[in-house]
Amino acid sequence: MTGRTDDVNIDTSDIDALLTGVGRRNQTETADQSAVDGKPVERQSGKTAAKRSKFTVLLDEDDALAFDMLAYEMRAAAGRRVEKSEILRTLLGIASEDFLVKGALKKALARRIAQQTSQE
């Protein structure tokens with residue numbers, strides 16, 4: 001035998017400090033986010049934000065491409081990153097407030113539904 005030992009001691013005392021927050025980003029609270037507790041969220045500006053609902057939208061290839069292009073155009077126009085959720089919220093607000101837009105939306109939906117029905 002060579003007198004070597006197979007025991008290796010590694011100091012891991014700092015590992016917890018290094019990993020703080022890693023993999024736990026959804027568990028920590030920020031100024032813009034709080035745990036789901038029924039209370040309104042308070043932003044850094046001091047204003048309260050409405051609770052948000054989360055959902056998934058399934059788009060066909062053409063609609064997904066159109067949405068991507070719309071998002072790209074809005075980002076270029078704004079000169080900053082514009083989230084797709086921000087675009088949807090804005091579109092919903094416009095459609096809710098403007099009766100001409102709401103009417104155009106109703107007509108477009110009716111055409112789309114008729115088109116889908118005729119393809120079946």
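**Entry 1: D68 and its partner**

I opened the page at D68, which counts as partly exposed at 36% relative accessibility. A reminder to myself: the model I am reading is predicted.

Which residue does D68 pair with? I found a salt bridge between the side chains of D68 and K84, with 2.3 Å from N to O. K84 sits in helix α3 (residues 84-97) and D68 in helix α2, so this pair ties together parts of the chain that are 16 residues apart in sequence. I also looked the two side chains up as a polar contact, and they are joined by one of 2.3 Å.

Is K84 buried, exposed or in between? K84 has 30% relative accessibility; because buried means under 20% and exposed over 50%, K84 counts as partly exposed.

**Entry 2: around K84**

I stayed with K84, which is found in helix α3, and listed what it touches. Leaving out residues up to four places away in sequence, K84 touches F67, D68, A71 and R75. I then took a C-alpha to C-alpha distance from K84 to M74: 9.5 Å in space, for two residues 10 apart in sequence.

S85 was next on my list, and it also lies in helix α3. Its relative accessibility is 40%, so S85 counts as partly exposed. From S85 I went to A71, 14 residues away along the chain, and found their C-alpha atoms separated by 9.8 Å.

**Entry 3: α2 against α3**

With those pairs noted, I turned to the helices themselves. Two packed helices are described by the angle between their axes and the distance between the axes. For α2 and α3, the axes come within 10 Å and cross at roughly 90°. That makes α2 roughly perpendicular to α3, because angles from 65 to 115 degrees get that label.

Which residues meet here? From α2 I wrote down F67, D68, L70, A71, M74 and R75; from α3, the residues they meet are K84, I87, L88 and L91. So K84 and D68, the salt-bridge pair, both appear in this list.

I checked the length of α2 too. Its 18 residues should span 26 Å at 1.5 Å a residue, and its end C-alpha atoms are 26 Å apart, which agrees. After α2 comes G79, with a positive phi near 75°.

**Entry 4: the other salt bridges**

How many salt bridges are there? The count comes to four, and I followed up two besides the K84 one.

D63 pairs with R112, and their closest N and O atoms are 2.4 Å apart. This pair links distant parts of the chain, with D63 in helix α2 (residues 61-78) and R112 in helix α4 (residues 99-119), 49 residues apart. D63 counts as partly exposed at 23% relative accessibility, and R112 is partly exposed as well, with a relative accessible area of 37%.

E86 forms a salt bridge with R80, where the closest N and O atoms are 2.9 Å apart. I looked up the accessibility of both partners: E86 counts as partly exposed at 27%, and R80 counts as partly exposed at 44%.

A general note for the margin: side chains of opposite charge can pair when their charged atoms come close.

**Entry 5: α4 and how it meets α3**

What caught my eye at the start of α4 was D98: one of its side-chain oxygens reaches to within 2.8 Å of the backbone nitrogen of L100. The helix itself has 21 residues and runs 30 Å from its first C-alpha to its last, close to the 30 Å expected at 1.5 Å a residue.

Then I asked at what angle α3 and α4 cross. Their axes come within 5 Å and cross at roughly 105°, and α3 and α4 are therefore roughly perpendicular to each other. The contact is made by I94, A95, S96 and E97 on the α3 side, with F99, V101, K102 and L105 on the α4 side.

**Entry 6: the whole chain**

Last, I stepped back. The chain's secondary structure comes to four helices and two strands, and along the sequence these follow the pattern α-β-β-α-α-α. How much of the chain is buried? Of its 120 residues, 6% count as buried. I also looked up contacts between residues at least 6 apart in sequence, and 7% of these join residues at least 24 apart.

Methods. Residues numbered from 1 in each chain as written. Predicted model: local features only at pLDDT ≥ 70, side-chain atom pairs only at ≥ 80, totals over all residues. Heavy atoms only, no water. Buried < 20%, exposed > 50% of the residue type's maximum accessible area, 1.4 Å probe, protein only. Expected span 1.5 Å × (residues − 1). Polar contact = N/O pair within 3.5 Å; in protein donor to acceptor, adjacent residues only side chain to side chain. Axes fitted to C-alpha atoms, helices over the stretch in contact; angles between N-to-C directions. Parallel < 35°, antiparallel > 145°, perpendicular 65-115°, else oblique. Contact = heavy atoms within 4.5 Å.
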